[in-house]
Structures are given as structure tokens and as C-alpha cells.
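Dear colleague,

I am passing the structure below on to you, together with an account of what was found in it. Please read the notes alongside the coordinates.

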Amino acid sequence: MPHEVDQSFLALPLRPLADAALARARSLGAEHADFRLERVRSASWSLRDARPAGTSDTTDLGYAVRVVHGGAWGFASGVDLTPGAAAKVASQAVAMAQLSARVVRAAGAGPGGPVELAEEPVHAEKTWVSSYDVDPFSVPDEEKAGLLAEWSARLLAAPGVDHVDASLLTVHENKFYADTAGTVTTQQRVRLHPSFTAVSVDDSSGEFDSMRTLAPPVGRGWEYLTGTGWDWDEELARLPELLAEKMRAPSVEPGLYDLVVDPSNLWLTIHESIGHATELDRALGYEAAYAGTSFATFDQLGRLKYGSELMNVTGDRTAEHGLATIGYDDEGVEAQSWDLVKDGTLVGYQLDRRIAKLTGFERSNGCAFADSPAHVPVQRMANVSLRPDPAGMSTEDLIGGVERGIYVVGDRSWSIDMQRYNFQFTGQRFHRIENGRLAGQLRDVAYQATTTDFWGSMAAVGGPQTYVLGGAFNCGKAQPGQVAAVSHGCPSALFRGVNILNTTQEAGR
């Protein structure tokens, strides 16, 4: 059943605060002003060997005013929920813009000239709530901790499992937005991330290894742990046996292998080599924090051969249960889905309103986001996803077409350069493929390539039955740093002739 926005949030003085702030900004000559009030509740639980190891439960409540005045940005935030205080915050934002304009004039010019925003239709009195059944914050804490402890104990009881780490992250986010154009939106999102890691220790040799559940973080509610969206019983039952096999597995021989990459691993490669690379502020060189700039520069739009003709990638703010799924972004832009890579060629970027106007796009595609009411919106990643082949094969059939290769499952560590071009990735487990069949696990595996070589080697894309929406809660960007949750959907896919490294040998060099 669809949810409604919490009455406790609607009871806050949303309109009086917005009206006071926007009226003050207008009176001071702002060309544009927007007001954003947020209440973000985040809670976490962690257990070590089925015993509590830590909990937290915090609520961030406040508002922000952003203006364009004299062709410059201004921003200020506050927590006093009175109209007078909101008007004062708007005055501070205008003063910041005036100071910024003086600094820019003294320096000669700012990048791109005066701030202008791409047009966006007015969205008056719109409400949007994400897709979930049971708000995790409506579930008693004892029930959440009890389920984590029960499942941890189940893993600990299995042969070969010496330790278990369990965690659960939950977020309930409310947001009210209004601007001087007349857009007014109210939104509510829920998301959570459960995770279990089993650790095995060989007492005779001191060798140890671990394996984590593959269940991704999702824009769902508590139902995700009680039967909808993931088969937890099956995964927890298989994990000890898979870990025991990994402990016995031989080390990989380096060389070229065909890879079948599972969505549980491929989502992260998409994130690092496509998601960040197609943020247009990075491609223009305006942003470099955390993830660097991008090899996919703006002059290559429509020309860069990103990968094989089987490669079709979308940016999407509308995917059900996506972590970056919204109704409207933090500039009042309605959520959209669009092409980033079409038939292997770069055809689009992720945009906010400022970057869209600067580069000649008619409209933003809704990629502005701030992770708290105290932070300014910046261009952030949509749900960037590799589309499946509508008539594509199953994962088993992809494996069946490989004579000598490796099936890669689960994400672990990664490394990529500051142009999002040279990279290597590891995983939770690696299964040797011989003559179209799985033939036991391997250890110490990393696959290494350049972005265009890797995606150019994609020889088959799995069908919709292999598609999974993976993702992360902790994508970092900007200075001061901000964190955003983002999903990446993908099918299983086959890559030919990928370079495989032995991580122990590389570490010893």
C-alpha cells in the first residue's frame, strides 16, 4: 500500500519558513532563490559474533537557502524554525553571493561567467513517496537487533565459521522544497542496508579469509529482511560452504581469461568507470574531489567509443527501489531516465541546472543533491545502469560459452586512477570455468584493464532474468565532503580476454 508523508513532518512550519525566506531573497534582488527543509533520521546496528557491538540513532533537522544574486551563488543554512530566522538566513545567503561576486570581479572572471540556470517547468504542490511496505523505524529496535543476532548465530553454528560481523543501516528522509519560480515539492524516502560477513581461520597455518553476503542496499523497507526482494535463508545457508571452499582454493595463475561477471560485482565497475566518468562537472574539470576528473571529456560527446555495441547505459532517477531514486531533485527538477552510452558510444552526461545551462543543454536531468540541510546541493550520481539484452542468455548459458575463464561474484576492493580510466577490481569469490562448467574456486584474483578496453571486450549481455540492482550507501564527493546513496543495475555479462593479476604476487613486488 502506498505511504503518505509523515504527519509529524507536515506539522512543521514548512510554508511559513519558505515564504519568509523567499520573500526576503526577492526583496534583496535575488534572480533565483530556493528553500529546502530536511529531516533525515539515520540509525545503525552492528554485532560481532551475535553480540551487540554498537548502535546509533541520529536525526538531522534544518533548512537551507540558496540564491543567485548578481550572477553569483550564495548559500546559508539554519536550524531555528521561525519565519524571522528563515528570513535572516536568506539575507546571509544574499550577502554570501554579493561577497562571491566581488571576489570573482577582483579575480577577473569566474569559470563559465555569471551563474545561470537551465529552465525547468514549475512543479506546484507535488508530493512523492518512495516504494516500500514497512518503514524500518516502525519496527522495534529489539526486533531488528534480534534478527541480526539470530542470523549471526546461524552462521556461527556452521562448520568452519569462526567469527561473524553483522550490520544494518537504515535511513528515513523527508524533504520540502520551494523556489521563487513557484515549484513546491514534499518527499519521503526510506532505504536500508543489511550485511553479514563470515570469517574462517585456519588454526594450524594462521591463514584466514572472509565472505560477505551479496544482498545489496536498497530503497525498500523492513520487508526486505522478511521475505520481499531477497532470499536470505538461501544465502545464509550457502555462505559457510562457499567460504570453506574458498579457504581450500588454489591461487590463480595470472594471464588472460574470459570473464563472466555477476551483477553483484559488475555494479561497482559501472560505478567507478561509468558513473563517476559521466558526471559532467568532472568531465569539464570543475570537480576533482574523491574521484578525480574524467577521461570522457565533453568534446567527445557523441564520438567516444566507450565499449562494444552491446553496451547501453542509462542514468535513471526513477528506478523502483533505487537508492538515487527521487521524485524531484534539490533544484526542483523532475526525475528522469536518459541515455549515457548508446550502442557503445557516449551520448549523455549527468547534469544539474547550472552545468546544463553552461554547456548548452535545454534542461537538467535532475542530478542535484545535498546530503544534509547544512550542505549546498552539488551534482550527484543518478542510478547508472547497464541495460540487459531483452533476449539475452542466463548466467549459466554465459558460463557455458566459456572454455577457460573465471566467474566473478561479489564486490570487495578496487583501485582506479583519477581519470576513471586504469583500474583493477577484486571480488568476494572467483569460480574457475573449464569447458563451460564451474570447476571450483580460485583465490587472490584481480581483473585489470582500462575502461574502454574492458567495456570493449564485452561479448554478451545477459537477459532481464539476470538483472540485479546493486549499489552503495557511501559515494563521496565535493569539498566539504558529502555522501550519497546510489544504485547500479546490471545483468551478468561476458568479457573476452581480460588481464588477471595474482594479488599476492603483486603485493610482493
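A polar contact, as the term is used here, is a pair of N or O atoms within 3.5 Å, of which, within protein, one must be able to donate a hydrogen and the other to accept it. Please also keep in mind throughout that this is a predicted model.

With that definition in hand, I would begin at His 431, which is found in strand E18, a strand that covers residues 429-434. The side chains of His 431 and Arg 429 are joined by a polar contact of 3.3 Å. Buried means under 20% relative accessible area, and His 431 is buried because its relative accessible area is 9%. Leaving aside its neighbours within four places in sequence, His 431 is in contact with a set of residues that includes Leu 242, Leu 438, Gly 440 and Gln 441, and among them are also Gly 405, Ile 406, Tyr 407 and Val 409.

Ile 406 leads on to strand E8, since Ile 406 in E15 is the bridge partner of Leu 259. Strand E8 (residues 255-261) and strand E15 (residues 404-409) run parallel and are joined by 4 bridges. E8 is also joined to strand E24 (residues 493-502), here by 6 bridges and in the antiparallel sense, with Val 260 standing opposite Leu 494 in E24. Of the 7 residues of E8, 5 are buried, so the strand is largely enclosed by the rest of the structure.

Elsewhere, 4 strands form an open sheet in the order E11-E10-E9-E14, with antiparallel pairing. The edges are taken by strand E11 (345-346) and strand E14 (383-386), each of which has a single partner strand, so that one side of each is left without a neighbour in the sheet. Within this sheet, strand E9 (residues 313-316) pairs with strand E10 (residues 337-342) in the antiparallel sense over 4 bridges, and Val 313 stands opposite Val 341 in E10. Helix H6 (residues 263-275) packs on the sheet, where it touches E9 and E14, and the direction of the helix makes about 115° with that of E14.

Thr 451 is a residue that you may wish to look at next. It is found in helix H10, which covers residues 451-456, and it counts as buried because its relative accessible area is 0%. The side chain of Thr 451 reaches the backbone oxygen of Arg 420 at 2.8 Å. Arg 420 also appears among the residues that Thr 451 touches, not counting those up to four places away in sequence, and the others in that list are Ser 273, Phe 295, Tyr 306, Tyr 421 and Phe 423.

Strand E2 offers two further residues, Asp 60 and Val 67, and I describe them together. Asp 60 lies in this strand, which covers residues 51-69, and is partly exposed, with a relative accessible area of 33%, whereas Val 67 counts as buried at 0% relative accessibility. Not counting residues up to four places away in sequence, Asp 60 touches Glu 38, Arg 39, Val 40, Ser 372 and Pro 373. For Val 67, leaving aside its neighbours within four places in sequence, the contacts include Ala 25, Ala 30, His 32, Ala 33, Trp 73, Gly 74, Val 94 and Ala 97. The C-alpha atoms of Asp 60 and Arg 154, which are 94 residues apart along the chain, are separated by 36 Å, while those of Val 67 and Asp 179, which are 112 residues apart along the chain, are separated by 9.6 Å.

Finally, some values for the chain as a whole. Its secondary structure comes to 11 helices and 24 strands. The radius of gyration is 24 Å, close to the 23 Å that the globule rule gives for 509 residues, so the chain is as compact as a globular protein of that length. Taken along the principal axes, the C-alpha atoms fill a box of roughly 75 × 55 × 45 Å. Of the 509 residues, 57% count as buried, and the accessible surface comes to about 20,300 Å², of which 51% belongs to carbon and sulfur atoms. Among the contacts in the chain with a separation of 6 or more, 75% are accounted for by residues 24 or more positions apart.

With best regards

Notes:
Residues are numbered from 1 along each chain as its sequence is written. This is a predicted model: local features need pLDDT of at least 70, side-chain atom pairs count only at pLDDT 80 or more; totals for chains, interfaces and linings use all residues. Side-chain values use heavy atoms; hydrogens and water are left out. Helices (H or I, at least four residues) and strands (E, at least two) are DSSP runs, numbered from the N terminus. Buried means under 20% relative accessible area, exposed over 50%, partly exposed in between (1.4 Å probe, protein chains only). Contact means heavy atoms within 4.5 Å. Two strands pair if DSSP finds at least two bridges between them. Axes are lines fitted to C-alpha atoms, for helices over the stretch in contact, and angles run from 0 to 180 degrees between N-to-C directions. The radius of gyration is taken over C-alpha atoms; the globule rule is 2.2 Å times the number of residues to the power 0.38. Accessible areas come from the Shrake-Rupley method with a 1.4 Å probe; for residues, only the protein chains shown count as cover.
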